[in-house]
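The following paragraphs offer a guided reading of a protein chain, passing from its loops to its charged surface and then to its paired side chains. The reader is invited to keep the sequence and the model in view throughout.

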Amino acid sequence: MYIEELELVNYRNYEELAISFENNVNVILGENAQGKTNVMESIYVLGMAKSHRTSNDKDLIRWDSEYAKIKGRLQKARGSVPLELLISKKGKKAKFNHIEQQKLSRYVGNMNVVMFAPEDLHLVKGSPQIRRRFIDMEIGQVSPVYLHDMSQFQKVLQQRNHYLKQLQIKKQTDHTFLQVLTEQYIDVAIKVIKKRFEFIRMLEDWAKPIHSGISRGLETLEIHYKPSIEVSESTDWLKMVGVFEDKLHQLRQREIDRGVTLLGPHRDEIVFFVNGRDVQTFGSQGQQRTTALSVKLAEIELIHSEIGEYPILLLDDVLSELDDYRQSHLLNTIKGKVQTFVTTTTVDGIDHQTLREATTFTVRNGVMERVK
């Protein structure tokens, strides 16, 4: 799949933009703070219905404007389809093929995107929250059911936390209702955990040979999903329920004392190992970057294997963060099969045929123009 046309209205520093792209590598050149990343973000938001940079949708709306609009024309194997996302202070409205989608979970997944930005290099060494967000976003692209389950999980978690807080401050004393909430919580938490196990196994299957190639066969990558309860992918449903119930029963008083749920998918972790050693703790910066790059390239192949089409790749100011060897590996991998957008202040020093053959745009003060 590839995006043919993009239109922005009142998006960030763009009052209006209408531009077309080629199904190859599109390089966006410009100084910092001119609007390069805003274009990349708008493509990401059009696909994912949320930003990778902010959780506050109001940040996406141009100063002194009531709304922002992103429109795109997407070319897929089955034909050309329009997408539209309207962002206002009241919320978001999404249309696919001119039909408004009642739930965003039904919209997400129609246009698949993989973003690789400098902050993604923190995927390995950053906080567990970054890794949880990563897998939630990626599973959501290929599994609308997971998006629904995650939404339900967040809802029940919020209700349970609220009731624990009520018990903490003695506004409530009925533990029976806590038990009802706990049963609902366990059910949806297990759905999330099982899908994460499955996704991490598939991701590792794709990332392992990619990592071996980048490291010239010297390193073996493993990716482990570590839930906050002692279960594995092979643990059956009833056993998981039992483990959850026992652990939450043990933690009940601590949870009431603190007013929060201490166990579940919001506390889980993903750990990367290279040659048997935890990369976050013991890996060099080079190993950490190779791991992040391997995971991103694996994402592309995983999405292709699940939906039969390659996603759109967004490389936001990341080439300058990679050495020549990793740059070449990345550009060789995507050449000819993935529509790619690259933002950079300059291509000087990046000597690669893929970039020499790319379509080039410049951005200055929220104005974007094609130059080649």
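**Loops, charges and pairings**

N97 is partly exposed, having a relative accessible area of 36%. The residue is placed in the loop between strand 6 and strand 7 (99-101). Although N97 is not a glycine, its phi is positive, at about 55°. The model under discussion is a predicted one, and the backbone angles and distances given here should be read accordingly.

A second residue with this kind of backbone angle is R12. Its phi is near 50°, a positive value in a residue other than glycine. R12 occupies the loop between strand 1 and strand 2. The side chain of R12 also takes part in a network of salt bridges, in which it is linked with E41 and R53.

The two strands on either side of that loop lead to the charged surface. Which residues gather in a patch of negative charge on the surface? They are E5, E7, E15 and E16. Strand 1 (2-11) and strand 2 (14-20) are the elements that give two or more residues to this negative patch. E5 belongs to strand 1. With a relative accessible area of 39%, E5 is partly exposed; because patches are made of residues with over 30% relative accessible area and no salt bridge, this value meets the accessibility requirement.

A patch of positive charge is found on the surface as well, formed by K71, K90, K93 and K95. Among them, K90 sits in the loop between strand 5 (79-88) and strand 6 (91-96). Is K90 buried or exposed? Its relative accessible area is 85%, and K90 is therefore classed as exposed, since that term applies over 50%.

Attention may now turn to charges that are paired. Side chains of opposite charge can pair when their charged atoms come close. The structure holds 16 salt bridges. One of the pairs links distant parts of the chain: R201 in helix 6 (residues 175-214) and E233 in the loop between strand 9 (221-226) and helix 7 (237-258), 32 residues apart. The side chains of R201 and E233 meet at 2.8 Å, N to O. R201 counts as partly exposed at 38% relative accessibility, and E233 is likewise partly exposed, with a relative accessible area of 34%.

Another salt bridge is formed by R289 and E321, whose closest N and O atoms are 3.5 Å apart. This pair, too, links distant parts of the chain, with R289 in helix 9 and E321 in the loop between strand 12 (312-316) and helix 10 (324-334), 32 residues apart. How do the two partners stand with respect to burial, and what is the relative accessibility of R289 and of E321? R289 counts as buried at 18% relative accessibility, because buried means under 20%. E321, by contrast, is partly exposed, with a relative accessible area of 31%.

The helix that carries R289 may be considered in its own right. Helix 9 (residues 285-307) has 23 residues and reaches 33 Å from its first C-alpha to its last, close to the 33 Å expected at 1.5 Å a residue. After helix 9 comes G308, whose phi is positive, near 85°.

Further along the chain, D323 and R326 meet in a salt bridge through their side chains, at 2.4 Å from N to O. D323 counts as partly exposed at 36% relative accessibility, whereas R326 is buried, with a relative accessible area of 15%. Q327 lies in helix 10 and is buried, its relative accessible area being 8%. The C-alpha atoms of Q327 and I350 are 8.2 Å apart in space, and the two residues are 23 residues apart in sequence.

The tour ends in strand 13 (residues 340-344), where T344 is found. T344 is buried, with a relative accessible area of 6%. What separates the C-alpha atoms of T344 and I61 in space? The separation is 24 Å, for two residues that lie 283 residues apart along the chain.

Methods
Residues numbered from 1 in each chain as written. Predicted model: local features only at pLDDT ≥ 70, side-chain atom pairs only at ≥ 80, totals over all residues. Heavy atoms only, no water. Patch = residues over 30% accessible without salt bridge, like charges linked within 9 Å, V, L, I, M, F, W, Y side chains within 5 Å. Areas by Shrake-Rupley, 256 points an atom, 1.4 Å probe, with all protein chains shown as cover. Salt bridge = Lys/Arg side-chain N within 4 Å of Asp/Glu carboxyl O. Lys, Arg positive; Asp, Glu negative; His and termini not counted. Charge placed at Lys NZ, Arg CZ, Asp CG, Glu CD. Helix = DSSP H or I, 4+ residues; strand = E, 2+ residues; numbered from the N terminus. Buried < 20%, exposed > 50% of the residue type's maximum accessible area, 1.4 Å probe, protein only. Expected span 1.5 Å × (residues − 1).
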